[in-house]
Amino acid sequence: MKRSFSTSILVAVLAGFCSSACQELDETVYSSVITTNFYKSAQDAEAALTAAYGSINDLFDQAPIVFAGDFAGDQLWVKPVVGRNVFAVYSYDTDYSGPKSFGRTAESPYGLWQFCYKGIENANWVIDRVPAIGMETNRRNAIVGEALFLRAFYHFTLTKNFGDVVIRTSPSQSESDALVAKSPKAEVYKQIFKDLEDAIARLPSYVASTIKGRASKEVAIGLYAKAALYAEDWTTAKTKSIEVINSGKYTLMPNVLDVFDVEKEDAARQENMFAFEGDNATRARGTTLMGFCGPANSASRDYGNTTFGSIFAFQAFFDSFSPTDKRRQLLDTSFVSVAGKVVPQKEITPYTVKGVLIKKYMDRNSVGAKGRNNVPMLRLADLYLIASEAEARLNGPTATAYQYINAIRNRAGLANLQPGLSKDDFIRAVLQERSWEFFAEGDRWYDLTRTNTFLTVIPKAVNEVYPTRAPQPKHRYYPIPLDEIRANPKLEQNPDWK
């Protein structure tokens with residue numbers, strides 16, 4: 001199996017050995033990766049792929065992939081504790097000193113950078129070594145296809161957050177292999193699209209027996225559509241999203257509330273195309289989102305057995321929903337305590353009398369602070385709204401554009417959006433629909449940054465806890481962690497953060 005040894009560890013071992021056995025030994029120690037006895041069998045291939053998926057668990061354990069997209073947005077606010085509040089008020093620095101000081105780097109963009117590159121490294125070993133393994137051909141091709149998808153997914157996550165990033169397409173077999181310069185965002189997207197094209201050619205279509213939490217051909221096409229939306233390739237975004245919708249492999253859940261019912265997760269996979277899979281059996285895998293979103297001091301069994309009261313929705317966001325919108329039921333302004341008492345809104349949190357609870361990640365049968373919840377990374381609903389937006393940007397608010405947004409509105413219990421909107425107003429309506437549909441799923445901040453509207457939207461998203469929020473243009477992307485720049489002399493900080 002691949003093993004990585006740090007120079008510092010090897011030096012310590014050699015020093016101890018030499019002190020007792022070889023006083024004159026003087027060795028220069030190099031980092032090394034040894035793969036001689038691995039990548040030989042089908043079992044090795046499967047294990048290597050599992051390792052490539054492992055970063056998904058890292059990204060949802062302390063949830064940096066969600067928090068990076070929500071703490072800075074206009075839907076949710078985080079308890080004002082040092083290390084988390086810096087993202088709400090844009091006071092973080094290039095060294096992420098607040099999260100570092102309080103042990104919260106794993107839940108910040110710093111952790112996101114590290115976990116994504118760990119996943120890319122593991123995916124690269126699969127892509128490099130598995131094709132030579134003697135095993136059943138279709139499964140071998142699918143394993144490589146999944147690794148290509150994962151490499152694209154991790155690179156997409158990185159470029160959404162950091163802009164220009166390092167592209168890594170080969171495994172690191174020496175220390176020098178790890179020292180790579182950044183590439184422009186346009187080049188990153190080219191690599192994402194290439195990997196997804198190769199993945200699509202290898203991956204089988206989704207079937208009921210597809211392993212939970214694994215990518216299918218349609219998932220890769222769906223990610224292609226979303227990446228194309230971010231790259232402003234409207235034609236590709238439209239074509240790919242409609243291809244997934246028309247494939248019939250996935251369908252919208254009739255009741256949007258069921259998408260987030262922890263007891264209905266198997267049924268919800270008809271819409272949850274790609275999700276972090278909480279472990280329903282051993283509970284060995286879970287996300288802290290449940291603990292963060294539930295009331296403080298584990299005050300309500302409905303939300304989970306251990307909850308902290310750390311994340312809430314802005315009152316203005318709650319008020320933006322129509323009372324008839326079923327998605328508003330995924331938020332609440334009161335809760336039932338463990339003792340059976342109704343706790344009113346003014347007592348939800350000591351930080352404000354307008355606390356709004358988030359109900360997407362409830363698990364009353366949780367073990368500790370981590371729920372069994374599946375957390376969406378790509379839902380079919382996303383493809384509907386990508387198709388609507390891309391069509392509108394290409395051709396204006398056509399009947400096709402209305403068709404796709406109204407499918408999501410109707411599912412939520414809302415009336416059709418009526419024809420007659422201008423192109424700009426229609427696109428704003430799609431972005432608003434996305435906000436209502438995907439809140440607390442780590443999506444909103446990127447809609448605001450890709451459309452460059454965060455500078456005008458965020459200052460209005462305030463409350464008693466955060467009365468002033470004033471992002472600057474440099475906050476469109478997070479700074480590359482300074483530790484990474486110190487370790488890699490070829491890596492430069494984002495220009496706006498220098």
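1. Two residues are in contact when heavy atoms of theirs lie within 4.5 Å. With neighbours within four places in sequence left aside, lysine 498 is in contact with Glu492 and Gln493. The model under discussion is a predicted one.

2. Lysine 498 belongs to the segment that follows α19 (482–487). Its relative accessibility is 66%, and because exposed means over 50%, lysine 498 counts as exposed. Proline 479 stands 19 residues away from lysine 498 along the chain, and the C-alpha atoms of the two are separated by 9.0 Å.

3. The cysteines merit a separate remark. Cysteine 116 has a relative accessibility of 0% and cysteine 293 has a relative accessible area of 4%. Buried means under 20%, so cysteine 116 is buried, and cysteine 293 is buried as well. The structure holds zero disulfides.

4. Strand β4 spans residues 272–276 and is mostly covered, with five of its five residues buried. Its pairing with strand β10 (residues 375–379) is antiparallel and runs over four bridges. Within this pairing, phenylalanine 276 has valine 375 of β10 as its bridge partner.

5. How many cavities of 30 Å³ or more does a search of the whole structure find? The search finds three. The largest cavity holds about 300 Å³ of space. Its lining comprises 23 residues, of which Lys160, Lys226, Pro376, Met377 and Glu441 are the closest to the centre.

6. Which element gives the most to the lining of the largest cavity? Helix α7 does, with six residues. At least two lining residues each come from α3 (64–70), α7 (137–162), α9 (217–230) and β10. Strand β10 therefore appears both in the pairing with β4 and in this lining. By residue class, the lining of the largest cavity divides into 14 nonpolar, three polar and six charged residues.

7. The second largest cavity has a volume of about 80 Å³. Among the residues that line this cavity are Val259, Phe260, Asp261, Arg269, Lys360, Asn373 and Asn374. Asn272 and Ala275 also belong to the lining of the second largest cavity. Both α11 (265–268) and β4 supply at least two residues of that lining. The division here is five nonpolar, three polar and four charged residues.

8. Strands β4 and β10 connect several of the points above. The two strands pair in the antiparallel sense; β10 supplies at least two residues to the lining of the largest cavity, and β4 supplies at least two to the lining of the second largest.

Conventions:
Residues numbered from 1 in each chain as written. Predicted model: local features only at pLDDT ≥ 70, side-chain atom pairs only at ≥ 80, totals over all residues. Heavy atoms only, no water. Disulfide = S-S within 2.5 Å. Buried < 20%, exposed > 50% of the residue type's maximum accessible area, 1.4 Å probe, protein only. Pairing = 2+ DSSP bridges. 1 Å grid on protein atoms, 1.4 Å probe; cavity = no way out; pocket = protein on both sides within 12 Å on 5 of 7 lines; lining within 4 Å. Points joined across faces, edges and corners; volume = space filled by probe spheres on them. Nonpolar A, V, L, I, M, F, W, Y, C, P; charged D, E, K, R; others polar.
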